[in-house]
Amino acid sequence: MGEQPSVLRAPMRSRDDTVDHAAAVRRALAEGVCGIGGRLSRPPHDLADALALLEEEHGPRFAARLRRFAAEPDRTIAWTRDDRGGWWRGRLEGPWRHDDSPGARALDLVHVRPCTWGEVPDADVPPAVRRSFARGGRNLQRIHDD
């Protein structure tokens with residue numbers, strides 16, 4: 001029997017309050033990505049460069065978040081919510097990349113991984129997922145269930 005994949009809360013909310021959160025989630029679902037924010041002054045060469053830039057420009061906590069996100073194994077399950085209250089379940093399917101496109105920068109969804117999202121909102125939402133989102137917050141976090 002295989003090991004259960006990790007489960008993440010992925011609100012995809014920027015720390016920049018001027019960013020349209022709903023548009024960021026719509027973009028992630030449409031583009032097939034899961035991501036976090038942290039715009040950089042220049043496109044990084046690789047993950048190590050992105051981590052160094054994030055630490056320099058935004059602090060060590062931002063860099064630690066990206067490090068954890070990039071290290072999540074493929075098949076990790078991600079949950080997000082849209083502006084209509086729909087719950088979306090996805091599965092990480094590839095490595096981190098930096099998206100410096102104008103759309104990604106505008107929505108501060110620049111650190112992304114490929115993610116296969118369901119075609120419609122999911123009706124079967126585990127209680128631990130609901131509790132995690134009910135606590136609020138902007139951070140990508142692992143969901144634990146006793």
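The following paragraphs describe the fold of a single chain in a predicted model and then turn to selected residues within the chain.

The secondary structure of the chain comprises five helices and seven strands, and, read from the N terminus, these elements follow one another in the order β-α-β-α-α-β-β-β-α-β-α-β. The radius of gyration of the chain is 15 Å, close to the 15 Å given by the globule rule for 146 residues, so the chain is as compact as a globular protein of that length. Along its principal axes, the C-alpha trace of the chain extends over about 40 × 35 × 25 Å. Of the contacts in the chain that are made between residues at least 6 apart in sequence, 66% bring together residues at least 24 apart.

Of the 146 residues of the chain, 46% count as buried, and the accessible surface amounts to about 8,100 Å², with 49% of this area belonging to carbon and sulfur atoms. The chain carries 24 positive and 23 negative charges, and the mean positions of these two sets are 4 Å apart.

Application of the aromatic-pair criterion to the model gives a count of one pair. This pair is formed by W87 and F133 and is edge-to-face, with 5.2 Å from centre to centre and 85° between the planes. The two residues belong to distant parts of the chain, since W87 lies in strand β4 (residues 87-92) and F133 in helix α5 (residues 127-134), with the two positions 46 residues apart in sequence. Both partners are assigned to the interior by their accessibility: W87 has a relative accessible area of 8% and is therefore buried, and F133, at 16%, also falls under the 20% limit and counts as buried.

Helix α5 also contains S132, which counts as buried because its relative accessibility is 1%, under the 20% limit. When neighbours within four places in sequence are left aside, the contacts of S132 are with R9 and I143.

F133 is also among the residues touched by A10, a residue whose contacts, apart from those up to four places away in sequence, are with C34, A78, W79, T80, F133 and L140. A10 is located in the loop between β1 and α1, and its relative accessibility is 0%, so this loop residue counts as buried. The C-alpha atoms of A10 and G59, two residues that are 49 residues apart in sequence, are 21 Å apart in space. W79, one of the residues in contact with A10, is part of strand β3 (residues 77-81) and, with a relative accessibility of 2%, is likewise counted as buried. Although W79 and Q141 are separated by 62 residues in sequence, the distance between their C-alpha atoms is 10 Å.

Backbone geometry sets two further residues apart for description. Most residues other than glycine have a negative phi. In M12, which is not a glycine, phi is nevertheless positive, at a value near 50°. M12 occupies a position in the loop between β1 (7-9) and α1 (21-31), the loop in which A10 is also found, and, with a relative accessible area of 5%, M12 is buried. The second such residue described here is R75, which is not a glycine either and has a positive phi of about 85°. R75 is found in the loop between α3 (60-71) and β3, and its relative accessibility of 47% places R75 in the partly exposed class.

A further loop residue, G118, is situated between β6 (111-117) and α5, and a relative accessible area of 33% makes G118 partly exposed. Not counting residues up to four places away in sequence, G118 touches W88 and R89. G118 and G59 are 59 residues apart along the chain, and their C-alpha atoms are separated by 34 Å.

Methods:
Residues are numbered from 1 along each chain as its sequence is written. This is a predicted model: local features need pLDDT of at least 70, side-chain atom pairs count only at pLDDT 80 or more; totals for chains, interfaces and linings use all residues. Side-chain values use heavy atoms; hydrogens and water are left out. Helices (H or I, at least four residues) and strands (E, at least two) are DSSP runs, numbered from the N terminus. The radius of gyration is taken over C-alpha atoms; the globule rule is 2.2 Å times the number of residues to the power 0.38. Buried means under 20% relative accessible area, exposed over 50%, partly exposed in between (1.4 Å probe, protein chains only). Contact means heavy atoms within 4.5 Å. Accessible areas come from the Shrake-Rupley method with a 1.4 Å probe; for residues, only the protein chains shown count as cover. Lys and Arg count as positive and Asp and Glu as negative; His and the chain ends are not counted. The place of a charge is taken as NZ of Lys, CZ of Arg, CG of Asp or CD of Glu. Rings of Phe, Tyr and Trp (its six-membered ring) pair if their centres lie within 6.5 Å; planes under 30 degrees apart count as stacked, over 60 as edge-to-face and the rest as tilted.
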